[in-house]
Amino acid sequence: MNRILKKLLVLINVWAPLKYVYDHRSLTGNLIKRRFSQMYRSSMMGKLWSIIHPLFMLLIYAYVFRIVFEVRWDMENANETDSMFAITMFTGMIFFNVFAEALNSSANVMAGNVNFVKKTIFPLELLPITQSLGAAITGVICFALVVVARVIFDGFGIFSWSMLLFPLLFILFLFFVSGICLFVASLGVYFRDTQFVCGIILQMLFFTTPIFYPVERVPEEYHWVLDSNPLSLYVSVGRKLLLNGAVPGADSWLLIVLISVLVWQCGWTWFTTTKKGFADVL
C-alpha cells in the first residue's frame with residue numbers, strides 16, 4: 001500500500017516539472033526569443049502581426065455575427081452595444097488563439113529542432129513548453145487591449161476585485177495548454193500526420209467553444225458538447241472575471257484546477273517517457 005501511495009505522489013508531483021523549468025529559466029527565455037525571431041523574420045511589421053491578425057479576424061466575425069446574424073450575448077438586453085459584443089467575443093478568441101498557436105507550433109517542434117534532439121544533455125521538455133509560453137505572451141498583450149478597450153468605452157468603473165483572480169485563471173490555463181503541447185510534441189515525432197489531425201481538432205473546438213455565440217443559444221440537449229470541451233470552461237470563467245465582475249463558484253475553480261494539473265502532469269509524464277526514442281526516429 002505504501003509503495004502505491006509513493007508512486008501516486010510521484011505521478012502527481014507538479015512541482016518537480018516546475019522546478020525543472022525554473023532551473024533552466026535562462027535557456028527558456030532564450031528559446032522564447034528565438035521562437036519570435038524565427039516567426040517574424042524578414043517581416044516589416046514584426047511582432048505586431050500577433051496583434052493585428054486577431055484584431056482583423058475580430059472585425060470579420062463581429063460583422064458576420066453581430067451585423068448579419070444579429071447575435072447578442074445578453075439575450076434580455078436589446079440595447080447591448082456593438083463594442084461590448086466585440087470585446088466579449090475577442091476575449092473568447094484570445095483563449096482559443098493561445099491554445100491553437102501553441103498546439104500548431106508544437107506538432108513539428110521536434111522535427112524542426114533535430115540538432116537539439118540529438119544532444120543528449122539538452123532539456124527537450126523546454127521546446128514544447130516554450131511554444132505555449134510564447135503564445136501566452138501574445139495572449140497577455142491582447143488581454144491588456146481588452147481592458148484598455150473597456151476603459152475607453154465604459155470608463156474606469158469597469159474595474160472590480162474579481163479581475164485580480166484572472167491572472168490565476170490564465171496561469172492554470174497555461175498549465176493545461178503546456179500539458180497538451182508536451183503530448184502533441186511527442187506524438188508528432190512518431191506520427192507525422194499529427195499536424196493535420198490537430199488542424200481538424202482545432203476546427204471542431206473552434207465551433208464547439210462559445211467564442212462568437214452565447215451558451216444560452218445552444219439547445220439544452222446539446223450542452224454536453226460544450227461541457228466536454230475544456231476550453232469552454234476557461235472561456236466562460238475568464239469572461240466572468242474580466243468582463244462581468246463576477247466570481248465563479250468553488251465547483252468551477254475545483255474543476256479548472258483538476259483539469260489543469262491532470263493534463264499538465266499527464267503531458268509531462270508522457271513526454272519524459274517517450275523522449276528516449278526521439279533521436280532514433282528523427
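**Exercise 1. Determine what share of the contacts between residues at least 6 apart in sequence join residues at least 24 apart.**

Solution. A contact means heavy atoms within 4.5 Å. Among contacts in the protein chain between residues at least 6 apart in sequence, 79% join residues at least 24 apart. The model behind this value is predicted: local features need pLDDT of at least 70, side-chain atom pairs count only at pLDDT 80 or more, and totals for chains, interfaces and linings use all residues. Residues are numbered from 1 along each chain as its sequence is written, and side-chain values use heavy atoms, with hydrogens and water left out.

**Exercise 2. Describe the secondary structure of the chain and state how much of the chain is buried.**

Solution. Step one is the count of elements. Helices (H or I, at least four residues) and strands (E, at least two) are DSSP runs, numbered from the N terminus. The protein chain has 13 helices and 0 strands.

Step two is burial. A residue is buried under 20% relative accessible area, exposed over 50%, and partly exposed in between (1.4 Å probe, protein chains only). Of the 282 residues in the protein chain, 45% are buried.

**Exercise 3. Check the length of helix H5 and decide whether H5 is mostly covered or uncovered.**

Solution. The expected span of a helix is 1.5 Å times one less than its number of residues. Helix H5 covers residues 82–107, so its 26 residues should span 38 Å. The end C-alpha atoms of H5 are 37 Å apart, which agrees. As to cover, 21 of the 26 residues of H5 are buried, and the helix is mostly covered.

**Exercise 4. Identify the largest nonpolar core and the helix that gives the most to it.**

Solution. A nonpolar core is a set of buried Ala, Val, Leu, Ile, Met, Phe, Trp, Tyr and Cys residues joined through side-chain atoms within 4.5 Å. The largest such core has 58 residues, and Met89, Phe95, Phe96, Phe99, Leu169 and Phe173 have the most contacts inside it. Helices that each supply at least two residues of this core include H4 (49–68), H8 (166–190) and H11 (230–244). H5 gives the most, with 16 residues.

Leu169 shows how such a residue is surrounded. Not counting residues up to four places away in sequence, Leu169 touches Phe95, Tyr234, Val237, Gly238, Leu241, Trp253 and Ile256. A second, separate core of 19 residues includes Met110, Phe116, Trp264 and Phe278. In soluble globular proteins, nonpolar side chains tend to be buried together.

**Exercise 5. Find the salt bridges and compare where their partners lie.**

Solution. A salt bridge is a side-chain nitrogen of Lys or Arg within 4 Å of a carboxyl oxygen of Asp or Glu. By this rule there are 2 salt bridges.

- Asp23 and Lys19 meet at 3.0 Å, N to O. Both lie in helix H2 (residues 15–23), 4 residues apart, about one turn of the helix. Asp23 is partly exposed at 45% relative accessible area, whereas Lys19 is exposed at 52%.
- Lys275 and Glu125 meet at 2.6 Å, N to O. This pair links distant parts of the chain, 150 residues apart: Lys275 is in the loop between helix H12 (250–274) and helix H13 (278–281), and Glu125 is in the loop between helix H6 (114–117) and helix H7 (126–154). Lys275 is partly exposed at 27% relative accessibility, while Glu125 is buried at 2%.
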